[in-house]
Amino acid sequence: NQAISVYEKAIELNPEYYEAYNNLGAALGKNEQYEEAEKVLKQVIELQPEFVEALNNLGSILTGMEKYEEAKDILNQSIEINSHNAEALSNLGDVYRKLNEHEKAIDHYKRAIKLNPTHVQAYNNLGLCYEKLSEHEQAIDHYKQAIKIKPNYYEALNNMGLALTELKKYSEAENILKQAIKISPKQVEAYSNLGNIYQIAEHFHEAIKYYKMALKINKKIAVIHQNLGYILNSIGDNKNSIYHQKLAVLLEPNNKVYFQSLLFSLWYDFDLNPKYIFEYHKQYDQKFGLPLKHKWKAFAQPKTDKERLKIGYVSPDFNQHSMQNFLMPTLTHHNHQKFEIFAFAELENEDKVSQEYKPYVDHWIRTDGMSDDQLVEKIREHGIDILVDLAGHTESSRISVFAQKPTPISLSWFIGYNYTT
C-alpha cells in the first residue's frame with residue numbers, strides 16, 4: 001500500500017512518468033487489485049504501445065483475472081516487439097498452464113529459461129506442469145534447479161515437498177517442508193502439506209499439531225478444517241471432528257465430499273438427536289439431490305412380463321471390506337433364472353475379493369472414471385429395473401447417480417450406511 005501511494009504521488013507530480021504507471025499497475029496487481037491494475041496498465045500502453053514491461057505486467061494481471069485469451073494477445077504482442085523477452089514467454093507459459101495446456105506451457109517456460117537461465121519462476125512452474133503430467137521426478141529436478149538459484153525459494157521447496165509425497169518419499173518430503181516453514185513461517189501451505197504427510201503415516205497427533213498451526217495463520221481454508229476433522233474422528237474426538245467438518249462445509253458449501261463426510265461423522269456423536277441428523281440429510285438433498293430432478297426421465301411401461309428382472313448393485317467396496325460378509329451370501333443365493341445381476345464397481349484397484357465376487361454376477365462393470373451422467377446413461381442402456389446403493393454417504397459412493405433416478409425402483413441397503421440418503 002505504501003508503494004502504491006508513492007507511485008500515485010509520482011504520477012500526480014509528473015503525469016507523463018510512464019514508468020510510474022507501470023510500477024503502480026504491478027503494485028496493484030501484487031495487492032490483488034486487478035481491475036485497478038488493468039485500468040492503469042491499459043492507460044499507459046495506450047500512450048506507449050511498445051512499452052514491453054507494461055505489456056508483460058498487463059498479461060500477468062489478465063491471467064490472474066482469468067481473461068486468458070486477452071492475456072495471450074497482449075503477451076504475444078510483447079514478444080513480437082522483443083523476441084528475446086523471457087518474462088513475456090514465462091507469463092505466456094502461465095496462461096497455458098492455467099488452461100491445462102501443459103505441453104505448450106512447458107515449451108514457453110523452456111524458451112524463457114534459454115533466454116534467462118536464472119529465471120527461477122520458470123523452473124518452478126515447469127515443475128508444476130510436470131506434476132500435472134504425473135512426471136514427479138522431472139518436477140523435482142526443476143524445483144531443485146530453482147532452489148539452487150534461489151535457496152530460500154519457499155514456493156519451490158513447498159512444491160518439491162508435494163512431489164516427494166506423491167513418490168511416497170515421506171521422510172525427504174518432511175525435511176523439505178520443514179525447510180520451507182523455516183524460511184517462511186507465516187505461509188500456510190507447508191504446514192498443511194506436512195500435516196498431510198503425518199496423516200498418511202498415521203502420526204495423528206503430529207498431523208493435528210500442524211493442521212492447527214496452519215489454521216492459526218488462516219482459519220478460512222476449508223480443506224484444512226476437513227483434514228483436521230478427519231484426523232480427530234480417527235482418534236475418537238468426535239465433537240471436535242464435527243466442529244471442523246461443519247466449518248469446512250460452511251466455507252465451501254458446494255463441496256459435496258465435505259458435506260457427505262459430515263453426514264457420516266454425525267453418527268459418531270451419540271449425544272445428537274436422530275431428528276437433528278435427519279435435518280442435515282434434508283439439507284444435503286436440497287443442495288445436491290433435488291437440483292438433479294430435471295434429469296429424471298419417464299420409464300416405458302413393459303407390454304409383456306420380463307423373463308428376468310435386472311438388478312444392479314452400486315458400490316466402491318467390491319473388494320476386501322466388511323460389506324462382503326453381508327453381500328456375498330446374498331449374491332450367492334440369487335436365482336439367476338429370475339434375476340440378471342449387475343455389479344457397478346467403483347474401484348481404483350481390484351483385489352482377491354473382487355475376483356470372488358465376479359462368478360456371482362452376470363455383468364461386472366467398472367465405473368471408476370465415469371462421470372455421474374455417463375454412469376446414469378450406462379444404467380439406462382442396460383435397462384436396469386432395480387438399482388441398489390451399497391455405500392450411502394461413504395467415501396467414493398455414487399449416491400448422486402441415484403438422485404437422477406436412472407431406474408424405476410432404487411433403494412439404499414443399510415450394509416454400507418446406516419441411515420437415509
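Is Asp 385 buried or exposed? At 11% relative accessibility, Asp 385 counts as buried, because the cut-off for buried is under 20%. Keep in mind that this is a predicted model. Below is a quick tour, starting with that aspartate and moving on to cores, helices, rings and loops.

**Asp 385 and its surroundings**

- You'll find Asp 385 in the loop between helix H20 (372-382) and strand S4 (386-389).
- Its side chain is joined to the side chain of Lys 306 by a polar contact of 2.6 Å.
- A polar atom of the Asp 385 side chain also lies 2.8 Å from the backbone nitrogen of Lys 310.
- If you skip neighbours within four places in sequence, Asp 385 is in contact with Lys 306, Arg 308, Leu 309, Lys 310, Thr 407, Pro 408 and Ile 409.

**Nonpolar cores**

- In soluble globular proteins, nonpolar side chains tend to be buried together.
- Here, the largest nonpolar core has 74 residues, and Met 160 and Leu 194 are the ones that touch the most other members.
- Another core lies apart from that one; it has 18 residues, including Leu 347, Ile 386, Val 388 and Leu 390.
- Back to Leu 194: leaving out neighbours within four places in sequence, Leu 194 is in contact with Glu 174, Leu 177, Lys 178, Ile 181 and Tyr 210.

**Helix H17, a helix with two sides**

- H17 covers residues 274-289, and its buried residues include Ile 277, Tyr 280, His 281, Tyr 284, Phe 288 and Gly 289.
- Those buried residues sit on the same side of H17, because they cover an arc of only 125° around the axis.
- Flip to the other side of H17 and you meet Lys 275 and Gln 286, which are exposed.
- What do the buried residues of H17 pack against? Their partners are helix H15 (238-251), helix H16 (256-266) and helix H21 (399-403).
- The N-terminal end of H17 is capped by Asn 273, with a side-chain oxygen 2.7 Å from the backbone nitrogen of Lys 275.

**Helix H18, with buried residues on one side**

- In H18 (residues 324-332), the buried residues are Gln 324, Leu 327, Met 328 and Leu 331.
- They span an arc of only 100° around the axis, so they are on the same side of H18.
- The buried residues of H18 pack against strand S1 (309-315), strand S2 (339-345) and helix H19 (352-357).

**Rings, and charges over rings**

- The structure has twelve aromatic pairs.
- One of them is Tyr 284 with Phe 288, a tilted pair with 4.9 Å centre to centre and 45° between the planes.
- Both of these residues belong to H17, where Tyr 284 and Phe 288 are four residues apart, about one turn of the helix.
- An α-helix has 3.6 residues a turn, so residues three or four places apart point the same way.
- Tyr 284 and Phe 288 are both buried, too.
- Elsewhere, ring pairs link Tyr 191, Tyr 198 and Tyr 210 into a cluster.
- Lys 150 has its charged end over the ring of Tyr 153, 4.8 Å from the ring's centre.
- Lys 405 lies over the face of Trp 296, at 5.7 Å from the ring centre.

**Two more buried residues**

- Asn 56 is found in helix H4 (residues 52-64), and it is buried, with a relative accessible area of 6%.
- Not counting neighbours within four places in sequence, Asn 56 is in contact with Leu 75, Ser 78, Asn 85, Glu 87, Ala 88 and Asn 91.
- Val 376 has its place in H20 and is buried, with a relative accessible area of 2%.
- Setting aside residues up to four places away in sequence, Val 376 touches Val 401, Gln 404 and Pro 406.
- Val 376 and Asn 273, the residue capping H17, are 103 residues apart in sequence and 35 Å apart in space, C-alpha to C-alpha.

**Loop residues with positive phi**

- Lys 168 isn't a glycine, yet its phi is positive, near 60°.
- Lys 168 lies in the loop between helix H10 (154-166) and helix H11 (170-183), and at 63% relative accessibility it counts as exposed.
- Ser 396 has a positive phi as well, near 70°.
- Ser 396 lies in the loop between S4 and H21 and is partly exposed, with a relative accessible area of 42%.

Methods. Residues numbered from 1 in each chain as written. Predicted model: local features only at pLDDT ≥ 70, side-chain atom pairs only at ≥ 80, totals over all residues. Heavy atoms only, no water. Core = buried A, V, L, I, M, F, W, Y, C linked by side-chain atoms within 4.5 Å. Buried < 20%, exposed > 50% of the residue type's maximum accessible area, 1.4 Å probe, protein only. Contact = heavy atoms within 4.5 Å. Helix = DSSP H or I, 4+ residues; strand = E, 2+ residues; numbered from the N terminus. Arc of directions from axis to C-beta. Polar contact = N/O pair within 3.5 Å; in protein donor to acceptor, adjacent residues only side chain to side chain. Phe/Tyr/Trp six-rings, centres within 6.5 Å; stacked < 30°, edge-to-face > 60°. Lys NZ or Arg CZ within 6 Å of the ring centre and 35° of its normal.
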